[in-house]
Amino acid sequence: MATEQEQLAKLRDEIDEIDRHIHELINQRAQCAQRVAEVKMAHRTDVTEEPVFYRPEREAQVLRKVMERNKGPLDSEEVARLFREIMSACLALERPTRVAFLGPEGTFTQQAALKHFGHSAVCVPMPTIDDVFREVEAKAVKYGVVPIENSTEGVVHHTLDNFRSSELKISGEVELRIHQHLLVKPDTEPSRITRIYSHQQSLAQCRLWLDSRFPNVERIAVSSNAEAARRAAAEGEHVAAIAGEMAAKLYGLEHAFNNIEDHPDNSTRFLIIGHESVGSSQRDKTSILVNARNQPGALYHILEPFHRAGVDLTRIETRPANAGAWGYVFYIDLAGHQDEEPVNQALSEVSSKVVELKVLGSYPQAVL
Ligand SMILES: O=C(O)C(=O)C[C@]1(C(=O)O)C=C[C@@H](O)C=C1
């Protein structure tokens, strides 16, 4: 019978051998991606324009295939995350991708950007949602990441309103489970906390927990969770922040309490914005903005063609229209791609009945 040391040495030799194979294969894959970039460069129609290196529809298909063929023992999502990073490194080899996000460093939006693009993307923090739109519009970065809705707090109106005037397109969505933690400087005694900083949305997401555990402690809303963490780190002893894991690491804070959000399924959806339209990935969503006249049956005339065509509407938001001329602006998410039936047909019917129909983008449904 072999000793523990002998058994481990044999298994570790096996692992070394497998690692050599994986390493070789990853570099082969990277060389393929480099050749893809050469083909894209050689076949671009306009030599003054960069070809499109980032292809979200292809990335979604690759990740779905990984998950479908996974036999374990690793969990499908875990394997997909590994491939997410491999593709991210391959894309960076083709062309580094710069992505603006609602900052500062350490926000949930940065976490969403990294979840979607992988850690080889260069993430650039912006102070406001408007600035993310502007930075992408000015082509200082290729893509932007902005929050669109939270399962507890509802839609982020500021993001929706930006789409009214912007020509940018939605090229993807990211879903993130939001876990909030009460963070303190090392060695802080929770009973001595006199002030808690966080973003107003996060304070709202933890309201019941705060009411029961810290009913008399001052709650101060600041511009972001990361800013709250920065203040807790700077101000010290009697101060805490509610923020996520990234902010905790960034500012060297400790977890006094974990997962303090009132709803355990608390999650936020983010959108990727850019200049390009995305082809079909076979499992897509389309987001539209509709301006309708203020008259009886306006909403019915928008919804009826989708119902008849069997198109599944997954979300509808109403926003007050600007200056009296139009009654409503509806933001609608639907299942399917704008270039494919039945969405195509339903969209052209609706557009003939409304003041304006703007397709904000068709994009792959979130994979991870
Ligand atoms: O298929 C492509 O167009 C590639 O550029 C290759 C690749 C990949 O690594 O698989 C890399 C980046 C794209 O976003 C999509 C896929």
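1. Val-184 has Glu-254 as its bridge partner in S10. The strands concerned are S6 (residues 181–184) and S10, which run antiparallel and are joined by 3 bridges. Strands count as paired here if DSSP finds at least two bridges between them. Helices (H or I, at least four residues) and strands (E, at least two) are DSSP runs, numbered from the N terminus.

2. A word on the source. This is a predicted model, in which local features need pLDDT of at least 70 and side-chain atom pairs count only at pLDDT 80 or more, while totals for chains, interfaces and linings use all residues. Residues are numbered from 1 along each chain as its sequence is written.

3. Overall make-up. The chain holds 12 helices and 15 strands. Its C-alpha trace spans about 80 × 60 × 40 Å along the principal axes. Of the 368 residues, 35% count as buried. Buried means that 20 or more other C-beta atoms lie within 10 Å of the residue's own; exposed means 12 or fewer, and partly exposed is in between, with C-beta atoms placed from the backbone. Among contacts between residues at least 6 apart in sequence, 74% join residues at least 24 apart. A contact requires C-beta atoms, placed from the backbone, within 7 Å.

4. The mixed sheet. S6 and S10 belong to an open sheet of 5 strands, in the order S8-S7-S9-S6-S10, with mixed pairing. Its edge strands are S8 (218–222) and S10 (254–257), each pairing on one side only. From one strand to the next, the twist averages 35°. Helix H9 (residues 225–235) packs on this sheet and touches S6, S7 (195–199), S8 and S9 (239–243). The direction of H9 makes about 160° with that of S9. Such angles run from 0 to 180 degrees between N-to-C directions; axes are lines fitted to C-alpha atoms, for helices over the stretch in contact.

5. Helix H9 itself. Buried residues in H9 are Asn-225, Ala-226, Glu-227, Ala-228, Ala-229, Arg-230 and Ala-232. Glu-227 and Arg-230 are worth a look in the viewer, as both appear among these buried positions. Gly-236 follows H9 and has a positive phi, near 90°.

6. Strand S3 and its partners. Strand S3 (residues 143–150) has 7 of its 8 residues buried, so S3 is largely enclosed by the rest of the structure. S1 (residues 98–102) pairs with S3 in the parallel sense over 3 bridges. There, Val-99 has Tyr-143 of S3 as its bridge partner. S4 (residues 154–155) runs antiparallel to S3, with 2 bridges joining them. Asn-150 is matched with Gly-154 of S4. A hairpin through 3 residues joins S3 to S4.

7. Strand S11. S11 (residues 267–274) is mostly covered, with 6 of its 8 residues buried. S11 pairs with S3 in the antiparallel sense over 6 bridges. Bridge partners include Val-145 with Ile-272 and Glu-149 with Arg-269. S11 also pairs with S5 (residues 169–177), again antiparallel, over 8 bridges. Here Leu-176 is matched with Thr-268 of S11.

8. The antiparallel sheet. S13-S14-S12-S15 is the order of an open sheet of 4 strands with antiparallel pairing. S13 (313–320) and S15 (356–364) are the edge strands, each pairing on one side only. The twist averages 15° from one strand to the next. S12 (residues 284–292) and S14 (residues 328–335) run antiparallel and are joined by 8 bridges. Asn-291 has Val-329 as its bridge partner in S14. H12 packs on this sheet, touching S12, S14 and S15, and its direction makes about 160° with that of S15.

9. Helices H11 and H12. The axes of H11 (residues 298–309) and H12 (residues 343–351) come within 9 Å and cross at roughly 160°. H11 and H12 are therefore roughly antiparallel to each other, a term for angles over 145 degrees. The contact involves Ile-302, Pro-305, Phe-306 and Ala-309 of H11, with Gln-345, Ala-346, Glu-349 and Val-350 of H12. By class, it has 6 nonpolar, 1 polar and 1 charged residues. Ala, Val, Leu, Ile, Met, Phe, Trp, Tyr, Cys and Pro count as nonpolar, Asp, Glu, Lys and Arg as charged, and the others, Gly among them, as polar.

10. Gln-31. This residue is in helix H1 (residues 4–42). Gln-31 counts as exposed because it has 12 C-beta neighbours inside 10 Å. The C-alpha atoms of Gln-31 and Gln-110 are separated by 29 Å, and the two residues are 79 apart along the chain.

Terms used:
Parallel < 35°, antiparallel > 145°, perpendicular 65-115°, else oblique. Contact = placed C-beta atoms within 7 Å.
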